[in-house]
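Let's take a stroll through a protein fold and see how its parts pack together. Have the sequence and the 3D view ready.

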Amino acid sequence: MTREGRGGEGIGCGAGGEGGAVGWSVVEAVVPELARRVRERFGAYRHHVLATVRKDGAPRLTGLEADFRHGELWLGMMTGSRKVADLRRDPRFSLHANPGPGTGLAGGDVRVSGRAVEVTDPGQVARYAAAVRPPEPFHLFRAELTEVVRTSTEPPYLVVETWVPGRAPRTVRRTSNDPAQQGE
């Protein structure tokens, strides 16, 4: 049986509009519990998987260290990396948290998607570099999010929590006996 719940209609309206992109601080303000779980999951491991769009339109998956700092989600990259070229050409990305060892997925499985905005302001880059001390030189991108997803289990259910700016958070609980989901 599929069970769906929506938290407070209208939550998130005005925070980037439906289909808009928002910074991490908006996610924390609008869906604080989901944001906490997502941030904790990313914090469990250092390296994660970034998906970008290659020049030929195919997906590219690469490793990345993500950093939550100053109310933003930051993506730092080595100069000359293909993911930098990908994001400059097409800023869309998805970032999937490292699942860790085994099959337990403690804390759930999380992914964020959106657009990466390259930060070129020397002051912002220097502030980030002073706090993080990345290998230099590097490229810095700020994530503008269009979707936050957490998948977990509550036996007998698989639970999928989704938030998109301008929409109410959505939670779907389903089992393997439910009919196949249609749509997005």
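## What "buried" means, and a first example

A residue is called buried when its relative accessible area is under 20%, and exposed when that value is over 50%. Keep in mind that this is a predicted model.

Now try the definition on Val27, which sits in helix 1. Its relative accessibility is 0%, so Val27 counts as buried. Which residues does Val27 touch, leaving out those up to four places away in sequence? They are Val22, Pro32, Ala35, Leu145, Val148 and Trp163. The chain also brings a distant stretch over here: the C-alpha atoms of Val27 and Glu147 are 9.6 Å apart, although 120 residues separate them along the chain.

## Two nonpolar cores

In soluble globular proteins, nonpolar side chains tend to be buried together. Here, the largest nonpolar core has 28 residues, and Val27, Phe93, Leu95, Val112 and Leu145 have the most contacts inside it. Plenty of elements chip in: helix 1, helix 2, strand 3, strand 4, helix 3, strand 5, strand 6 and strand 7 each supply at least two residues. There's also a second, separate core of six residues, with Trp74, Tyr128, Phe138 and Leu140 among them.

Leu95 is worth a closer look. Not counting residues up to four places away in sequence, its contacts include Phe42, Val49, Leu64, Leu73, Val110 and Val112.

## Strand 5 and its neighbours

Leu95 belongs to a strand with a neat pattern. In strand 5 the side chains alternate: Phe93 and Leu95 point to one face and are buried, while Arg92, Ser94 and His96 point to the other face and are not buried.

Strand 5 has antiparallel partners, too. Three bridges join it to strand 2, with Leu95 as the bridge partner of Leu50. Five bridges link strand 5 to strand 6, where Arg111 stands opposite His96.

## Strand 4, wrapped up

Why can we say that strand 4 is largely enclosed by the rest of the structure? Five of its seven residues are buried, so that description fits. Strand 4 runs antiparallel to strand 3, with four bridges between them; in one of the pairings, Trp74 is the bridge partner of Asp67. The hairpin of strand 3 and strand 4 has two residues between the strands, and His70 takes a positive phi near 55° there. Strand 4 also pairs with strand 7 in the antiparallel sense, over five bridges, and Leu75 has Phe141 as its bridge partner in strand 7.

## Aromatic company

The model has four aromatic pairs. In one of them, Trp74 and Tyr128 are tilted, with 5.7 Å from centre to centre and 50° between the planes. Trp74 lies in strand 4 and Tyr128 in helix 4, so the pair ties together parts that are 54 residues apart in sequence. Both Trp74 and Tyr128 are buried. Elsewhere, Trp24, Phe42 and Phe68 form one aromatic cluster.

## A helix with two sides

Which residues of helix 3 are buried? Lys83, Val84, Asp86 and Leu87 are. Looking down the axis of helix 3, its buried residues fall within an arc of 160°, so they line one face of the helix. Arg82 and Arg88, on the other side of helix 3, are exposed.

The buried residues of helix 3 pack against several strands, including strand 2, strand 5 and strand 7.

Note on methods. Residues numbered from 1 in each chain as written. Predicted model: local features only at pLDDT ≥ 70, side-chain atom pairs only at ≥ 80, totals over all residues. Heavy atoms only, no water. Phe/Tyr/Trp six-rings, centres within 6.5 Å; stacked < 30°, edge-to-face > 60°. Buried < 20%, exposed > 50% of the residue type's maximum accessible area, 1.4 Å probe, protein only. Arc of directions from axis to C-beta. Contact = heavy atoms within 4.5 Å. Core = buried A, V, L, I, M, F, W, Y, C linked by side-chain atoms within 4.5 Å. Pairing = 2+ DSSP bridges.
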